[in-house]
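Hello,

Here is the structure I promised to pass on. My notes on what turned up in it follow below.

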Amino acid sequence: MKKICMFFMALVLLQIPLLCFNHPEHRAIPDIRPYNSYQFGYCVSGKFGEPRIDKYTGEHYAHTGIDYAIPYGTSVNSTCDGRVSFAGMMRGYGLVVTIEAGEMNRNTWIPAIKGHKVEVMYCHLSKQLVLDTFIVQKNNVICRSGNSGDVPAHLHYEVRIDGKPVFPFIKENQVI
Ligand SMILES: [Zn+2]
């Protein structure tokens, strides 16, 4: 009898990490690279917060995202579950796809962080593969990288919480 109890206890305990991993809030948190890192590696060409000078106004500012030096036309994947909140041209950013992180549950929108708006921006694209209001899942290919907005080919990846750019979080095991 004791052995059977132990067996069921073990089964229950084994489920706990699985439940945590599959929790919808986890999938809605942007925490992976926006491209195939096994193919292209680390390839960061611009860090978050580094000093920049606006080429039109000459003003100093801090870089608001991470730049990835991936080739023109590379598939870009969503880093979280969410919905497309913007897809089109944006001044200074070229062609942009913005994903609002969260999930749709029985017609109710559940944001990634309760009470806050988390947005993920993919900029300087060559092609958008999604339209406004589309629901996307983590790892879905949503666009192709490019050089729109008068820049050399790269992907500018930016995460904003309530409109303010934040340091994009990427899971440790993604680093290769
Ligand atoms: Zn950038």
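Of the 176 residues of the protein, 27% count as buried, meaning that 20 or more other C-beta atoms lie within 10 Å of the residue's own (exposed is 12 or fewer, partly exposed is in between, and C-beta atoms are placed from the backbone). Please keep in mind that this is a predicted model: local features need pLDDT of at least 70, side-chain atom pairs count only at pLDDT 80 or more, and totals for chains, interfaces and linings use all residues. Residues are numbered from 1 along each chain as its sequence is written.

The protein has three helices and 13 strands; these are DSSP runs numbered from the N terminus, with at least four residues for a helix (H or I) and at least two for a strand (E). Among contacts with a separation of 6 or more, 66% link residues 24 or more positions apart, a contact being two residues whose C-beta atoms, placed from the backbone, lie within 7 Å.

I would look at strand 9 (residues 118-128), where eight of the eleven residues are buried. Its pairings (DSSP must find at least two bridges between two strands) are these:

- Strand 7 (residues 94-105) is antiparallel to strand 9, with five bridges; here Y122 of strand 9 sits opposite V97.
- Strand 12 (residues 155-161) also runs antiparallel to strand 9, through six bridges, and H156 in strand 12 is the bridge partner of C123.
- Strand 11 (residues 141-145) pairs with strand 9 over three bridges, again antiparallel; S145 in strand 11 partners L125.

Best wishes
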